[in-house]
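User: Please pick one part of this model and walk me through it slowly. I'm new to reading structures, so plain explanations of the terms would help.

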Amino acid sequence: MNRVLKWIVGIVGAIVLLLVAVVVALHQWVGSEDFRVRVSREISQAAGVPVELGALTVDVWPLPAVAADRVQVKSNPPLTFERIEARPVWAALLHRKLDISTLYVRNAVVPQDAIAAVAAAFRKAHPEDKAQKKTGAATTVSLPERIVLDKVTWVDTKGQRNVVNATLQLDDDGLPGHVDFAVVQGRWNGIDGKLQRSGNRWALDGHVGGGTVKGSFATAKNAKGEPLLEGDFDTAGVEVSTFTVPSRTLTGRLEAHTSVQANLRDLAAIADVLQSQTKFTVHNAVLHGIDLAQAVKTVGINRGGETHLDTLAGQLATHGREAELRNLVASSGALSATGNITMAADKHLSGSVNVDLAQKVAGTALGVPLVVGGTLDSPSVTLSRSALIGAAIGTAIMPGVGTGAGAKVGDKLGDALKGLFGK
């Protein structure tokens, strides 16, 4: 019995020594300057952009992994990674092949403009990829089964930052089968959700601004064979200013149904090609920066103040960074308004709102057409030139009540004259 025990101890000891020897050998091989330079060169050639690795190490604790520290992709602007850690299939690593089971990315800064620059450089460095697509040739790429993002900072084209934690479980075709994500810092702080794949469709269950966004999206192809993203989502109980921060021009609880479509040919430009159609209602809405009732009473320029609305409803269409509000209807007690407003990519507003305000004078209603201007952060309303003339005439004829009526008549007369003279 003692001899058997000694043999077992001896075998286990030999295995442990062998594993230690393997780890030491791998550490020396991977951590050598020659290996680091060679890996940097090969990655640079593959990416089409210079890539610098600060250090390469083999870790045993808490889990075996091969790690690259202080990685910098020298695009313009650069991509930086404090640590990229690959937990490999060890049997493959012993044969000097790196098959990854889990990939960890920690404390990275990923500018959107850098993604576009790297993608362009990669296409330039690999023009043969287009020929492979045309001929049907396939390139086998070993992708990790799981990707973990730990404090990865996404920087959009305007320099706004969002820090994201996420876990992606990849299917055999390289597309995510399950995703958990959360924004822990930045403009979208507090947003979290899950994605679950079924075929070519992904279901979304997200939490935003105290409410929920649920729906699904799928991938498809257009007539040119380019990849498309199509989806439908329902929003419930979301604080509407969540989507416009840091601006809080409008607050209230949003109920909406949204359809989206985007061409995925260039992922870095998705914000510029995304299109959406939304039917919405905002409950207990407050319009900050404009007092519509005061604007009607003074029949002039109005900045500042706020307008409380019981209900605000309409349709929102977006084309990239531009947005258009159509069939806008608002109501609150004696005040009602309709209109159409457009927001340009630089957040400048244009459009018009017709506001009616019931008066205590029997049988009268004070109302004027207002031109919307300013920006999303500092909106303004004013009368058109023709409406101002009409308001002045109305005030002279019938002070008080005639002001609003004159503004309406003047605005209509101005439109008729534009049509008559082509101006």
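Analyst: Let's begin with W202, which is buried at a relative accessible area of 5%; buried means under 20%, exposed over 50% and partly exposed in between, using a 1.4 Å probe and protein chains only. Such areas come from the Shrake-Rupley method with a 1.4 Å probe, and for residues only the protein chains shown count as cover. F217 is also buried, at 17%.

Before going on, please keep in mind that this is a predicted model, where local features need pLDDT of at least 70, side-chain atom pairs count only at pLDDT 80 or more, and totals for chains, interfaces and linings use all residues. Residues are numbered from 1 along each chain as its sequence is written, and side-chain values use heavy atoms, leaving out hydrogens and water.

Now for the rings. The structure has two aromatic pairs (rings of Phe, Tyr and Trp, with its six-membered ring, whose centres lie within 6.5 Å; planes under 30 degrees apart are stacked, over 60 edge-to-face, the rest tilted). One is W188 with F243, tilted at 55 degrees with centres 6.5 Å apart. W188 sits in the loop between β8 and β9, and F243 in the loop between β12 and β13, so this pair ties together parts 55 residues apart in sequence. Both partners are partly exposed: W188 at 26% and F243 at 34%.

W202 and F217 are stacked because their planes meet at 15 degrees, with ring centres 5.8 Å apart. Their pair links strand β10, holding W202, to strand β11, holding F217, across 15 residues; strands are DSSP runs (E, at least two residues), numbered from the N terminus.

Methods: Helices (H or I, at least four residues) and strands (E, at least two) are DSSP runs, numbered from the N terminus.
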